[in-house]
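Student: I should like to examine the open and enclosed spaces of this protein. May we take them one at a time?

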Amino acid sequence: MGARTLRSVAELDDAQLLAPDVEVNDLARVGERYAVAVTPAMAALIDRNDPSDPIARQFIPDVAELETLPGEQADPIGDLAHSPVTGIVHRYPDRVLLKAVHVCPVYCRFCFRREMVGPAGLGTLTPEELDRAIEYIAGRSEIWEVILTGGDPLVLSARRLREITQRLSAIGHVRVVRFHTRVPVVDPYKVDAGLVDALMASGKTTYVALHANHPRELTADARAACARLIDAGIAMISQTVLLKGVNDDADVLAALMRAFVENRIRPYYLHHPDLAPGTSHFRLGLDEGRALVDQMRGRISGLCQPTYILDIPGGYGKVPVLSPAVREGDDGCFRIRDYRGGEHIYPPPAESSVLNDKD
Ligand code: SF4
């Protein structure tokens with residue numbers, strides 16, 4: 001007891017979580033630019049003797065974050081362009097994102113919404129904004145699924161989550177309520193009976209999509225938290241971001257996917273990292289990602305195969321990287337066709353500045 005979330009470079013330094021050769025003043029500039037938070041569970045998981053520790057790499061700031069490449073974008077997947085009312089992103093006809101909150105229990109250094117989340121981010125919906133977001137959903141019969149994301153919706157209290165799920169339960173055409181979260185891994189004790197109950201939308205199917213990137217994240221506590229959700233009748237799927245220096249290794253990815261399946265979590269998406277500002281040190285090329293996914297195929301059960309997916313920069317939707325809609329050109333760039341037929345060019349990692357759309 002007594003351990004608390006570390007929220008600044010100085011606190012990380014005091015906890016001896018910074019590399020010995022790091023210049024703390026430089027790193028403090030990163031902390032001023034992007035939010036920092038490391039929960040006790042994640043601080044305990046970091047191997048302080050390993051300078052390449054994949055858990056530390058996800059949460060401990062790096063001076064490389066101060067370098068923003070020309071092609072990197074504050075809103076890389078185009079949330080704002082598809083936001084008809086505050087808190088709603090309506091990109092595809094049958095589903096919406098409901099972004100009730102823009103804080104997280106941890107701040108991932110590669111976050112695609114890093115310009116929106118954190119204490120200086122877009123904040124939490126006011127009661128009036130939440131009313132308007134729910135009215136938007138209620139007024140559109142084509143909305144079959146509501147995806148609560150943000151931010152991490154599971155930072156909300158059970159009381160506030162219950163209020164949202166009850167309001168969604170009352171909308172007949174909404175059939176599925178999905179929560180995107182890192183909480184079962186980074187703050188597993190938050191997933192108690194009250195929280196689990198609050199996620200259950202009466203008469204609907206509840207899904208929880210767990211974001212985890214390395215098999216070590218699935219500690220005994222994290223596995224127990226997931227079991228509490230699943231035993232209550234919640235279906236779980238996984239989301240993983242493919243990250244250089246964290247999981248860009250077929251054995252690590254295979255171990256992670258197997259751990260999901262062993263814990264009754266269906267591997268869903270392996271995301272190619274987005275063009276978020278100051279994250280180029282995490283990005284592989286699409287060709288490298290393809291090679292890794294190819295290596296996994298055949299080596300592990302079909303149950304363990306996620307879909308390798310790219311969010312087309314600019315908000316044009318997702319595309320499976322291994323589909324014919326993604327073609328490599330002779331110039332090293334990829335030609336990508338979105339689900340509406342628009343064509344886009346995706347650059348190799350070092351050339352993010354040449355990104356442009358041909359819509
Ligand atoms: S939990 Fe999700 S939204 Fe929050 S910092 Fe990590 S990637 Fe971003």
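Student: Which residues lie nearest the centre of the second largest pocket?

Tutor: The model is a predicted one. In it, the second largest pocket holds about 520 Å³ of space. Its lining consists of 23 residues, and those nearest the centre are Leu-17, Ala-19, Pro-51, Ala-56 and Ile-60.

Student: How many residues of that lining are nonpolar, polar and charged?

Tutor: Cys, Tyr and Pro count as nonpolar here, and Gly counts as polar. On that basis, the lining of the second largest pocket divides into six charged, four polar and 13 nonpolar residues.

Student: Which residues are closest to the centre of the largest pocket?

Tutor: The largest pocket contains about 770 Å³ of space. There are 37 residues in its lining, and the closest to the centre are Phe-112, Arg-113, Thr-149, His-180 and Gln-239.

Student: Which elements give two or more residues to the lining of the largest pocket?

Tutor: By class, this lining has 19 nonpolar, nine polar and nine charged residues. The elements that give two or more residues to it are strands E1 (88–92), E2 (95–99), E3 (145–149), E4 (176–181), E6 (235–241) and E7 (265–271).

Student: Where does the ligand sit, and which residues surround it?

Tutor: A molecule is assigned to a pocket if more than half of its atoms lie within 2 Å of the pocket's grid points. By this criterion the ligand sits in the largest pocket. The shell around the ligand divides into five nonpolar, two polar and one charged residue. The surrounding residues are Cys-104, Val-106, Tyr-107, Cys-108, Cys-111, Gly-151, Arg-182 and His-211.

Student: What is the volume of the largest cavity, and which residues line it?

Tutor: A search of the whole structure finds two cavities of 30 Å³ or more. The largest cavity has a volume of about 40 Å³. Six of its lining residues are nonpolar, none is polar and one is charged. They are Tyr-34, Ala-35, Tyr-107, Cys-108, Cys-111, Arg-114 and Val-117.

Student: Which residues does the UniProt annotation "domain: Radical SAM core" cover?

Tutor: The annotation comes from an unreviewed UniProt entry, and such annotations may be inferred rather than shown by experiment. The chain over the annotated stretch is 33% helix and 19% strand, with its end C-alpha atoms 30 Å apart. The residues covered are 90–303.

Definitions and conventions:
Residues numbered from 1 in each chain as written. Predicted model: local features only at pLDDT ≥ 70, side-chain atom pairs only at ≥ 80, totals over all residues. Heavy atoms only, no water. 1 Å grid on protein atoms, 1.4 Å probe; cavity = no way out; pocket = protein on both sides within 12 Å on 5 of 7 lines; lining within 4 Å. Points joined across faces, edges and corners; volume = space filled by probe spheres on them. Helix = DSSP H or I, 4+ residues; strand = E, 2+ residues; numbered from the N terminus. Near = heavy atom within 4 Å.
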